[in-house]
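The exercises below are meant to be worked through with the structure open, and each is followed by a solution in steps. Please try each task before reading on.

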Amino acid sequence: MEISGWLIFILFIQVIHGIGTWKLYVKAGRKAWEAFVPVYNGIVLMQIINRPKWWILLLFIPVINLFLFPIIWIETLRTFGKKSTVDMVLGVVTLGLYIAYVNYTQETTYHANRDLTPPNKTMDTLGSLSFAIVVATLVHTYFIQPYTIPTSSLEKSLLVGDFLFVSKFHYGARTPMTPIAAPMVHDTLPIVKVKSYTSKPSLPYFRFPALQKIERNDIVVFNWPADTLFHMYKAADKRYDKPIDKKTNYVKRCTAIPGDKIEIKDGIIFINGKESILPERAKPQYSYKVAWDGKTPVDLDYIKKELHITDAFGQIAKDTLIFSALPQASVDRLRNIPGLTKVERIIHKETDKSIFPGTKDWNVDNLGPIYIPEAGKTVELNKETLPFYKKVIGEYEGNDLKVNGDEIRINGQIATSYTFKQDYYWMMGDNRHNSLDSRYWGFVPADHIVGKPIFIWMSIDGINDGIKNWSIRWDRLFTTVSGDGQPKSYFQFFLIALAGYFAFDYFRKKKKKKEEA
């Protein structure tokens, strides 16, 4: 739904609110017209039901307002003497329309100074639970979101089983585009495995101001642009177009930013003609072919354990071993193992048509140059360049794109160039030969950016191997994701602070008991 559509919808809701409540406003000593003025009527209603005026701000926050509206409906009914369980249930299940019924058919009395405490333990519990969900949803949506590393595409930098806190405000918190959705879950409800949202109505894209811009080599969480999988049902091959904010969350390293030209030569990344230098904490990995003398015993299990290899490796011939996902430090150690005569990095030379944009003789180790779209910049359009920007024009930026031979039409007009509406990014995993990234599906639009991983609060080795095989990586607990030098754990400081808090709380309570005695 476009902004104009939402404005009309909001105006319609305001009219319905006024028609359904104006008599109650009058009963409370207010003017009838006050029930019809957008925003102002909400402030007045908060005064009538004796609730904080700032609640009105929460009504405009998607998802959170889903919890606050029922609370306000119930509070309104109770303010005018409708306190029974039936009244409260009707208020919620009719989406507040029961208030209009009361407004026109019931004799009511305004209780200006009513008792605001819950009438029973059940309502007290529900109220506390609702408040907790509102606060948690607010934090989850606009400030910090927990995230788990599910795959090894950033292995050695971020490990499978790392539990992260992802900052929403570093790159600017994005408001939900699917306002009717279950809180604090993504696209699927746990256990029942059904959709957690409704696609319509939808909100236009909006992002709050950012604290910083995405820089080259930042690790970024984003919605996977190519996510059109029909995950939740049996027809797994059926296309399913999800709302942007309900596409699968991915985490990769931002290799190139808007306006860059990226090129990969024999696995080495070049940005604007210069080799990309990764930060110290980054540990890119490649696959290696290792020559074996065929005589000296080689214990593959020992090598796997010694080099901390987590991905596939094995023997393809009597004198040849293949190792994948090895960082440089492991390669150096591999060269010192007796019986291994040569360690050579595998560089793909054969053409792979699954590599973006699918029209070049490229592969994972050799591609480009590719221009990364920047908002406001214009590119020439022809049969050679169109494959790079086809999804940008038609899918990500919502234009009607038609191609007939050499003729390109955008929104019915013949086009020889195109000006981008938003920024785009190129995301890649550090595990170069085992990462589904921009090399396969192209650019990541700015409106798909979720946030910045900032903190590892828990890390479990063997997370996918069953709870019996779990072991905590203590050295990774409470470590930062970015920064200079090697990661440092702040877990001991957390324990000291926690112990200090409990000691303070103990002596405070002890002192209070003495004073009361």
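**Exercise 1. Helix H4 and its two helical neighbours**

Task: Determine how H4 and H5 are oriented to each other, and then do so for H4 and H6.

Solution: H4 and H5 are oblique to each other, a result that can be traced back through the geometry of this predicted model. Helix H4 covers residues 64–79 and helix H5 covers residues 85–93, and the two pack at an angle of about 140° with their axes 9 Å apart. Since angles over 145 degrees would count as roughly antiparallel and those from 65 to 115 as roughly perpendicular, the oblique class is the one that applies. The handedness of the pair is a further step, and here H4 passes H5 in a right-handed crossing.

The residues that form the contact come next: on the H4 side they are Pro 70, Trp 73, Ile 74, Leu 77 and Arg 78, and on the H5 side they are Asp 87, Met 88, Gly 91 and Val 92. Sorted by class, the contact of H4 with H5 comprises six nonpolar, one polar and two charged residues.

For the second pair, the axes of H4 and helix H6 (residues 97–105) come within 10 Å and cross at roughly 20°. H4 is thereby roughly parallel to H6, and the crossing of H4 and H6 is left-handed. Trp 73, Thr 76 and Leu 77 are the H4 residues that meet Tyr 98, Ile 99 and Val 102 in H6. By class, the contact of H4 with H6 has five nonpolar residues, one polar residue and no charged residues.

**Exercise 2. A residue within H4**

Task: Decide whether Asn 65 is buried or exposed, and list its contacts beyond its neighbours within four places in sequence.

Solution: Asn 65 is placed in helix H4. Its relative accessible area is 13%, so Asn 65 is buried, the limit for that class being under 20%. Once the neighbours within four places in sequence are set aside, Asn 65 is in contact with Leu 58, Leu 59, Phe 60 and Pro 70. The residue can also be located against a distant part of the sequence, for Asn 65 and Val 134 are 69 residues apart in sequence and 8.5 Å apart in space, taken from C-alpha to C-alpha.

**Exercise 3. An open sheet and the helix across it**

Task: Which strands stand at the edges of the open sheet that contains S14, S15 and S16?

Solution: The sheet has three strands in the order S14-S15-S16, with antiparallel pairing. Strand S14 (401–404) and strand S16 (413–414) each have a single partner strand, so these two are the edges, and one side of each is left without a neighbour in the sheet. Strand S15 (residues 407–410) is joined to S16 by two bridges, and the two run antiparallel. Within this pairing, Ile 410 stands opposite Gln 413 in S16. Helix H10 (residues 386–396) lies across S14 and S15, and runs at about 145° to S14.

**Exercise 4. An enclosed strand**

Task: How many residues of strand S10 are buried, and how is S10 joined to S8?

Solution: Strand S10 spans residues 320–326, and six of its seven residues are buried, so S10 is largely enclosed by the rest of the structure. Five bridges connect strand S8 (residues 286–292) with S10, in an antiparallel arrangement. Ala 291 is the residue that stands opposite Thr 320 in S10.

**Exercise 5. Backbone exceptions in loops**

Task: Which peptide bonds that lead into Pro 201 and Pro 357 are cis, and what are the phi values of Asp 266 and Phe 478?

Solution: The starting point is that most residues other than glycine have a negative phi, and most peptide bonds are trans. The bond from Lys 200 to Pro 201 is cis, with omega near 0°, and Pro 201 is found in the loop between strand S2 (162–167) and strand S3 (219–223). The bond from Phe 356 to Pro 357 is also cis, with omega near 0°, and Pro 357 has its place in the loop between strand S11 (340–345) and strand S12 (367–371).

Turning to phi, Asp 266 has a value near 50°, which is positive in a residue other than glycine. Asp 266 sits in the loop between strand S5 (261–265) and strand S6 (268–271), and is partly exposed at a relative accessible area of 30%. Phe 478, likewise not a glycine, has a positive phi of about 60°. Phe 478 lies in the loop between strand S21 (471–472) and strand S22 (479–480), and at 16% relative accessibility counts as buried.

Methods
Residues are numbered from 1 along each chain as its sequence is written. This is a predicted model: local features need pLDDT of at least 70, side-chain atom pairs count only at pLDDT 80 or more; totals for chains, interfaces and linings use all residues. Side-chain values use heavy atoms; hydrogens and water are left out. Two strands pair if DSSP finds at least two bridges between them. Helices (H or I, at least four residues) and strands (E, at least two) are DSSP runs, numbered from the N terminus. Contact means heavy atoms within 4.5 Å. Axes are lines fitted to C-alpha atoms, for helices over the stretch in contact, and angles run from 0 to 180 degrees between N-to-C directions. Angles under 35 degrees count as roughly parallel, over 145 as roughly antiparallel, 65 to 115 as roughly perpendicular and the rest as oblique. A crossing is left-handed if the near helix is turned anticlockwise from the far one by less than a right angle, and right-handed if clockwise. Ala, Val, Leu, Ile, Met, Phe, Trp, Tyr, Cys and Pro count as nonpolar, Asp, Glu, Lys and Arg as charged, and the others, Gly among them, as polar. Buried means under 20% relative accessible area, exposed over 50%, partly exposed in between (1.4 Å probe, protein chains only).
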